[in-house]
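Subject: Structure handover

Hello,

Please find the structure below, together with its sequence. My notes on what was found in it follow.

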Amino acid sequence: MIVDEGGVRGTSEQGGPAFSDDERTRARAHVVLPAYNEAVSLPPLLTRLAEVARTERLTAWVVDDGSSDTTADVAKAGVPGLDVRLVRHDVNLGLGQAVQSGLRAVLAEADESDVVVVMDADDTHDPALIRRMEREVAAGADVVICSRFVAGGDDTTAPAARRLLSRGAAVLFRRVLRVEGVRDFTSGFRAYRVSLLARAADHWGERLIEERGFACMVELLLKLRHCRPVVTEVPLVLRYDRKGGPSKIRIARTVGQYLKLLVRDRLSPAPYRAL
């Protein structure tokens, strides 16, 4: 993992926010963007994040997972008014390791009062929801999931096979795992309290995320549940119509990963001490 600090930093001279002293003490949102060949989708997404950064303290962490296009160059160029950092993998390691690298980079710098947001880099998630997620954390939530399956959520722009996978996984996990407050187990758009992730990372270390593919989002939630977090969900309207390239998900492989994860969760002992 290589962390490149050469991104564009948002300042008042760049047209970004000029925060007061009180505003500078507010929690910062660290937005982790796992990106594999997302050079087309990143510019509009970073521009939307810059709009959020006009009123919120926000840093974007682009994790270039061994892309063969100009994803890294786009991140280095950044956009005015947004603090953009680049984390690079020399080779493609998969979504799970991209998320893990992003979280580790953030935890090395963030304050315990900060918030980590993980979202897709393909511009299908609305950054304006970050404000709502921060309010939920401020109100006491430890994990906030942007959910397609609560009132106001919608995923009709996604392909039928993708919707079937997400909905089938949601039903399965709700019945088998019964994690309180969760309906959308596979959503890639979430916010976490930094102090919660720090506790989990201290216990699991490099094993915090072991899944390489899309099952990593469920795996992280299952490990965090041992910390007894308060989990809330907010409605997500998925904008698959804004996606700039082909989907990276492989349906059959992902189903296999979900089933393997369920078996491993059943066989793995709970942490030997309270987290």
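Strand β6 and strand β8 (residues 231-235) run parallel and are joined by five bridges. One of the residue pairings here is that of I145, whose bridge partner in β8 is E233. Please keep in mind that this is a predicted model.

On strand β7 (residues 190-193), the arrangement is antiparallel, with three bridges joining it to β6. There, V143 has Y192 of β7 as its bridge partner.

How many of the residues of strand β6 (residues 143-147) are buried? Five of the five are, so β6 is largely enclosed by the rest of the structure. The side chains of the strand can be followed one by one: V143, I145 and S147 point one way, while V144 and C146 point the other way, and all are buried.

Helix α8 (residues 216-224) is another enclosed element. Nine of its nine residues are buried, so the helix is largely enclosed by the rest of the structure. The buried residues of α8 include the charged-type names E219 and K223 along with C216, M217, V218, L220, L221, L222 and L224.

For the chain as a whole, the secondary structure consists of nine helices and eight strands. The chain has 275 residues, and 53% of them count as buried. Among the contacts with a separation of 6 or more, 83% are between residues 24 or more positions apart. The exposed area of the chain is about 12,200 Å², of which carbon and sulfur atoms supply 51%.

Next, the aromatic residues. A search of the whole structure gives two aromatic pairs. The first to describe is F173 with F185: the ring centres are 5.7 Å apart and the planes stand at 50 degrees, so this pair is tilted, falling between the cut-offs of 30 degrees for stacked and 60 for edge-to-face. F173 belongs to helix α6 (residues 160-176) and F185 to the loop between α6 and β7, so to speak of positions, the two are twelve residues apart.The other pair is F173 with Y258, which is edge-to-face, at 5.4 Å centre to centre and 85 degrees between the planes. Since F173 lies in helix α6 and Y258 in helix α9, this pair ties together parts that are 85 residues apart in sequence. Ring pairs thus link F173, F185 and Y258 into a cluster. Are these rings buried or exposed? F173 and F185 are buried, and Y258 is buried as well.

Helix α9 (residues 251-267) also takes part in a nonpolar patch on the surface, to which it gives the largest share, three residues. The patch is made by L172, I251, V255 and L259 and covers about 280 Å². L259 is found in helix α9. Its relative accessibility is 46%, which means that L259 counts as partly exposed.

Regards

Conventions
Residues numbered from 1 in each chain as written. Predicted model: local features only at pLDDT ≥ 70, side-chain atom pairs only at ≥ 80, totals over all residues. Heavy atoms only, no water. Patch = residues over 30% accessible without salt bridge, like charges linked within 9 Å, V, L, I, M, F, W, Y side chains within 5 Å. Areas by Shrake-Rupley, 256 points an atom, 1.4 Å probe, with all protein chains shown as cover. Salt bridge = Lys/Arg side-chain N within 4 Å of Asp/Glu carboxyl O. Helix = DSSP H or I, 4+ residues; strand = E, 2+ residues; numbered from the N terminus. Buried < 20%, exposed > 50% of the residue type's maximum accessible area, 1.4 Å probe, protein only. Contact = heavy atoms within 4.5 Å. Pairing = 2+ DSSP bridges. Phe/Tyr/Trp six-rings, centres within 6.5 Å; stacked < 30°, edge-to-face > 60°.
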